[in-house]
Amino acid sequence: INRMEAMYPHIFYFHFKNLRKAYGRNESWLCFTMEIIKQCSTGVFRNQVDPETHCHAERCFLSWFCKDILSPNTNYQVTWYTSWSPCLDCAGEVAEFLARHSNTKLAIFAARLYYFWDTDYQQGLCSLSEEGASVEIMGYEDFKYCWENFVYNGDEPFKPWKGLNYNFLFLDSKLQEILE
């Protein structure tokens, strides 16, 4: 499981652009913050593309978190910024994790919704919400935060793309319909 400190700008702009139809974006990226009382960690995970260790970014995070971090006597607030909302399988695994670990609270901010028209994927998002995860669409401030905290940006400012706010409104309305 390869946890990274940050990503390169071209990767961020390609994978986090909140397009309605995001052709060619076959990887998911997950940036996270994790707060423990008096501590904070950050990092980046991406899909493992090796055929033998193929692992979605959400599973990579959970594997790392359970193996290296998780303690039953500590409360955690985890925030994910993801290029895609979790797939059906990952949503189920994360919901099961949250059901077993009441000491972990999760907020998910997704740049795009994965197969949002498919009722199975909608149910996956609902299961996350039912287990207490906050699921939201990334807006301008979230993209700017990711740029400033998870990208080797060379002190360059975040440059929003055309349609960012329009696409946010569309995706946010779809997510609200799903979670109602």
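Is Lys 144 buried, partly exposed or exposed in this predicted model? Lys 144 is partly exposed, with a relative accessible area of 28%. That value falls between the 20% under which a residue counts as buried and the 50% over which a residue counts as exposed. The legends below begin with this residue and its partner.

**Figure 1. Lys 144 and Glu 148 form a salt bridge in helix 5.** The closest N and O atoms of the two side chains are 3.0 Å apart. Helix 5 covers residues 140–150, and both partners lie in this helix. Lys 144 and Glu 148 are four residues apart, which is about one turn of the helix. Glu 148 is partly exposed, with a relative accessible area of 46%. Side chains of opposite charge can pair when their charged atoms come close.

**Figure 2. Lys 159 and Glu 156 form a salt bridge.** Here the closest N and O atoms are 3.6 Å apart. Lys 159 has a relative accessibility of 47% and counts as partly exposed. Glu 156 is also partly exposed, at 43% relative accessible area.

**Figure 3. Lys 174 and Glu 177 meet in a salt bridge within helix 6.** The distance from N to O is 3.9 Å. This pair counts as a salt bridge because the nitrogen of the Lys side chain has to be within 4 Å of a carboxyl oxygen of the Glu. Both residues belong to helix 6, which spans residues 164–179. Lys 174 and Glu 177 are three residues apart, about one turn of the helix. Lys 174 is partly exposed at 23% relative accessible area, and Glu 177 is partly exposed at 48%. The structure holds three salt bridges.

**Figure 4. Residues of helices and strands line the largest cavity.** The structure holds one cavity of 30 Å³ or more, and the volume of the largest cavity is about 40 Å³. Its lining consists of Phe 61, Leu 62, Val 78, Trp 80, Val 94, Phe 97, Leu 98, Thr 104 and Leu 106. Helix 2 (57–69), strand 3 (76–82), helix 3 (88–100) and strand 4 (104–110) each supply at least two residues of this lining. The largest share, three residues, comes from helix 3. By class, eight of the lining residues are nonpolar and one is polar, with no charged residues.

**Figure 5. Strand 1 runs antiparallel to strand 3.** Strand 1 covers residues 29–36 and is mostly covered, with seven of its eight residues buried. Seven bridges join strand 1 to strand 3. One of the residues to look for is Glu 35, whose bridge partner in strand 3 is Gln 77. In a regular strand, side chains alternate between the two faces of the sheet.

**Figure 6. The largest pocket has about 410 Å³ of space.** This pocket is lined by 24 residues, and the closest to its centre are Ala 22, Arg 25, Trp 84, Tyr 114 and Tyr 115. Which classes of residue make up the lining of the largest pocket? There are twelve nonpolar, six polar and six charged residues. The lining of the largest cavity in Figure 4, by contrast, has no charged residues.

Key:
Residues numbered from 1 in each chain as written. Predicted model: local features only at pLDDT ≥ 70, side-chain atom pairs only at ≥ 80, totals over all residues. Heavy atoms only, no water. Buried < 20%, exposed > 50% of the residue type's maximum accessible area, 1.4 Å probe, protein only. 1 Å grid on protein atoms, 1.4 Å probe; cavity = no way out; pocket = protein on both sides within 12 Å on 5 of 7 lines; lining within 4 Å. Points joined across faces, edges and corners; volume = space filled by probe spheres on them. Nonpolar A, V, L, I, M, F, W, Y, C, P; charged D, E, K, R; others polar. Pairing = 2+ DSSP bridges.
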